[in-house]
Amino acid sequence: MRRTARGIPAVQGIPARHPARRSRAALGTLTAAGTLLALLLPTGPAAAVQNSHRSPAPQTAASAFWTADRMRAAAPLDLAAPARQPGTVVPRSAPLTVSPTLPRLPKAPSPASLRPAALPQAGGPWTGGGAVTKTTGRVFFTYQGRTASCSGDAVTSSNKSTVLTAGHCVKLGGAWHTNWVFVPGYHDGEAPYGKWSAAKTLSTPQWTASEDINYDVGAAVVAPLDGKKLTDVVGGQGLSFNSGYSQPMYAFGFPAAAPYDGSKLIYCSGTTFKDPLFSGDHGLACNMTGGSSGGPWFTSFDEKTGTGLQSSVNSFGYQFWPNTMFGPYFGDDAKNLYTTAQST
């Protein structure tokens with residue numbers, strides 16, 4: 001995973017680059033992207049920033065668009081390295097947790113599939129089975145006329161239809177992505193639990209207004225598929241907001257830039273630290289590359305059941321700091337985004 005900004009420091013990226021890396025090649029630095037965005041958006045009273053976007057296309061059209069070949073060929077979305085933002089403090093309040101929900105007990109791993117070793121793990125295929133293999137998936141969309149990919153996670157929600165991902169995986173460069181679908185349990189072009197089209201995508205006010213890396217959190221409300229709602233089919237992970245720094249965490253995603261190819265669920269685990277450089281994000285030793293952006297970070301993760309409390313998402317990485325991923329702190333703004341999404 002190269003690191004750029006939120007694809008992953010270059011961070012998760014577009015073809016063979018971390019989202020962050022490609023980002024850099026395509027957009028330059030986050031500072032440059034922010035400058036471009038300022039030029040594109042109107043100013044004054046009429047410049048109201050929309051924090052959500054409704055899909056104008058029928059859900060069936062987006063699903064049909066994403067053939068197995070298009071999914072395999074989608075380029076991992078990259079971000080540029082973040083600009084220094086001194087004194088950034090993400091608003092916090094009392095901790096809040098939401099429990100996971102499952103439609104049924106997760107299928108036990110086969111005898112030959114041993115559970116991964118305990119912390120730490122800098123990156124490798126997840127072989128432990130459990131709920132995470134159903135709730136985590138790839139996200140596909142059209143960005144600047146090309147097909148691109150990120151990762152995402154189905155979470156417990158009152159509408160049973162909420163997916164969390166990175167902010168740049170729903171909007172980047174001032175434009176909302178189109179043809180947006182979530183494919184839980186993705187594996188090498190296959191969609192074992194279906195392709196769930198977004199009826200609405202959302203992000204934090206700070207990301208939609210100025211693409212502030214500290215608030216790179218996005219969400220999607222997906223339409224029912226075959227008369228069923230998302231978490232009734234794959235279950236939903238729990239959530240944790242305002243849970244602090246320096247926590248044991250597990251990160252998951254579908255990196256698609258070398259040495260990965262997007263075909264498998266990859267994970268990292270370890271004790272996080274606070275970014276000492278340009279953001280207020282969590283940091284974690286992790287070698288995931290572009291395409292892993294938006295994948296979930298869990299606290300209180302149970303390897304036996306594959307369930308946990310989502311506390312961040314893969315966001316970016318620095319090119320000069322290899323094998324390290326960063327994810328936004330889930331404070332009040334991330335909580336408000338989740339509350340809005342699940343109420344839609």
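This report walks through two disulfides, a buried strand with its partners, and a small sheet in a predicted model.

## The two disulfides

Let us begin with the cysteines. A disulfide is a covalent bond between the sulfur atoms of two cysteines. In this model the count comes to two disulfides. If you number the bonded cysteines in sequence order, the pairing reads 1-2, 3-4. The table sets out both links.

| Disulfide | Sulfur-sulfur distance | Torsion about the S-S bond | Handedness |
|---|---|---|---|
| Cys-150 and Cys-169 | 2.1 Å | -80 degrees | left-handed |
| Cys-268 and Cys-286 | 2.1 Å | about 65 degrees | right-handed |

Where do the cysteines Cys-150 and Cys-169 lie? Cys-150 belongs to strand 6 (residues 146-154), while Cys-169 sits in the loop between strand 7 and strand 8, so this pair ties together parts that are 19 residues apart in sequence. Cys-150 is buried, with a relative accessible area of 0%, and Cys-169 also counts as buried, at 0% relative accessibility.

The other link joins Cys-268 to Cys-286. Here Cys-268 is found in strand 15 (residues 266-271) and Cys-286 in the loop between strand 17 and strand 18 (296-302), so the bond connects parts that are 18 residues apart in sequence. Is Cys-286 buried or exposed? Cys-286 is buried, with a relative accessible area of 1%, and Cys-268 counts as buried at 0% relative accessibility.

## A histidine in the loop after strand 7

The loop that holds Cys-169 is worth another look. His-168 lies there too, between strand 7 (162-165) and strand 8 (171-172). His-168 has a relative accessible area of 0%, so it is buried, the cut-off being under 20%. Which residue does the side chain of His-168 meet in a polar contact? The partner is the side chain of Asp-216, and the contact spans 2.8 Å.

## Strand 12 and its neighbours

Next comes strand 12, which covers residues 218-222. Five of its five residues are buried, so strand 12 is largely enclosed by the rest of the structure. Both of its faces are covered: Gly-218, Ala-220 and Val-222 are buried on one side, and Ala-219 and Val-221 are buried on the other.

Strands of a sheet pair through backbone hydrogen bonds, either parallel or antiparallel. Strand 12 runs antiparallel to strand 7, and four bridges join the two. One place to find this pairing is Thr-165, whose bridge partner in strand 12 is Gly-218. Strand 12 also runs antiparallel to strand 11 (residues 196-203), this time with five bridges. There, Leu-202 has Ala-219 of strand 12 as its bridge partner.

## A three-stranded open sheet

We finish with a sheet that includes strand 17. Three strands make up this open sheet, in the order 16-17-20, and their pairing is antiparallel. Why is one side of strand 16 and of strand 20 left without a neighbour in the sheet? Strand 16 (273-274) and strand 20 (324-327) stand at the edges and each has a single partner strand, so one side of each lacks a neighbour there.

Strand 17 (residues 282-285) pairs with strand 20 over four bridges, in the antiparallel sense. To spot this pairing in the model, look for Ala-285, which stands opposite Thr-324 in strand 20. This brings us back to the disulfides, since Cys-286 lies in the loop between strand 17 and strand 18.

Note on methods. Residues are numbered from 1 along each chain as its sequence is written. This is a predicted model: local features need pLDDT of at least 70, side-chain atom pairs count only at pLDDT 80 or more; totals for chains, interfaces and linings use all residues. Side-chain values use heavy atoms; hydrogens and water are left out. Two strands pair if DSSP finds at least two bridges between them. Buried means under 20% relative accessible area, exposed over 50%, partly exposed in between (1.4 Å probe, protein chains only). A polar contact is a pair of N or O atoms within 3.5 Å; within protein, one must be able to donate a hydrogen and the other to accept it, and residues adjacent in sequence count only if both atoms are side-chain atoms. A disulfide is a pair of cysteine sulfur atoms within 2.5 Å.
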